[in-house]
Amino acid sequence: PCTIELLDEHGRPLDSARCKIIIDPHLDETLLSDYIIDELGITVISFRRGLWRHRSDPPDSVRHSA
C-alpha cells in the first residue's frame with residue numbers, strides 16, 4: 001500500500017488516503033475507485049466536464065480536473 005494525495009491547483013494537499021496502486025500498461029488515464037474518491041473527499045459535479053469540489057469547499061465552489 002501507499003499514500004495518495006489530492007492536491008489543489010497550487011499543489012497544496014487537500015486530503016490523502018492509503019491505497020494500492022495497480023499499473024495497467026494498456027491504460028493511459030488514471031482511474032480511481034469509488035472508495036478512493038470518497039476517501040479523498042471528492043464530490044463530482046460533472047464527470048464529462050471534469051468538474052468537482054472537495055468536501056471542505058463551499059457549496060458554490062467548482063474545481064476543474066487537471
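Start by selecting isoleucine 42. Leaving aside residues up to four places away in sequence, isoleucine 42 touches Leu6, Ile37, Trp52 and Arg53. Keep in mind as you click around that this is a predicted model.

Now widen the selection. Ile42 belongs to the largest nonpolar core, a set of eight residues. To see the whole group, add Leu6, Ala17, Cys19, Ile36, Ile37, Leu40 and Trp52. Which elements each supply at least two residues of this core? Colour β2 (13-19) and α1 (34-39), and you have them. As a bit of background, nonpolar side chains in soluble globular proteins tend to be buried together.

Next, stay on the helix and pick tyrosine 35, which sits in α1. Is tyrosine 35 buried or exposed? Its relative accessibility is 54%, and because exposed means over 50%, tyrosine 35 counts as exposed. Try the distance tool here: from the C-alpha of tyrosine 35 to that of alanine 17 you should get 9.9 Å, for two residues 18 apart along the chain.

Time for the cysteines. Select cysteine 2 and cysteine 19 and show their sulfur atoms. How far is the sulfur of cysteine 2 from the closest cysteine sulfur? That closest sulfur is in cysteine 19, at 4.1 Å, which is too far for a bond. A disulfide needs the two sulfurs within 2.5 Å, and by this rule the count is zero. Turn on a surface and look at the pair again: cysteine 2 is partly exposed, with a relative accessible area of 24%, while cysteine 19 is buried, at 11%.

Now over to the sheet. Switch to cartoon view and find three strands forming an open sheet in the order β3-β4-β5, with antiparallel pairing. β3 (42-46) and β5 (63-64) stand at the edges with a single partner strand each, so one side of each has no neighbour in the sheet. Zoom in on β4 (residues 51-54), which pairs with β5 over two bridges. What is the bridge partner of leucine 51 in β5? Select histidine 64 and you've found it.

Finally, zoom out to the whole chain. Trace the cartoon from the N terminus and the elements run β-β-α-β-β-β, making one helix and five strands. The C-alpha atoms fill a box of roughly 35 × 25 × 20 Å along the principal axes. Of the 66 residues, 29% count as buried. With the surface on, you're looking at about 5500 Å² of exposed area, and carbon and sulfur atoms supply 53% of it.

Methods
Residues numbered from 1 in each chain as written. Predicted model: local features only at pLDDT ≥ 70, side-chain atom pairs only at ≥ 80, totals over all residues. Heavy atoms only, no water. Core = buried A, V, L, I, M, F, W, Y, C linked by side-chain atoms within 4.5 Å. Buried < 20%, exposed > 50% of the residue type's maximum accessible area, 1.4 Å probe, protein only. Helix = DSSP H or I, 4+ residues; strand = E, 2+ residues; numbered from the N terminus. Contact = heavy atoms within 4.5 Å. Pairing = 2+ DSSP bridges. Areas by Shrake-Rupley, 256 points an atom, 1.4 Å probe, with all protein chains shown as cover.
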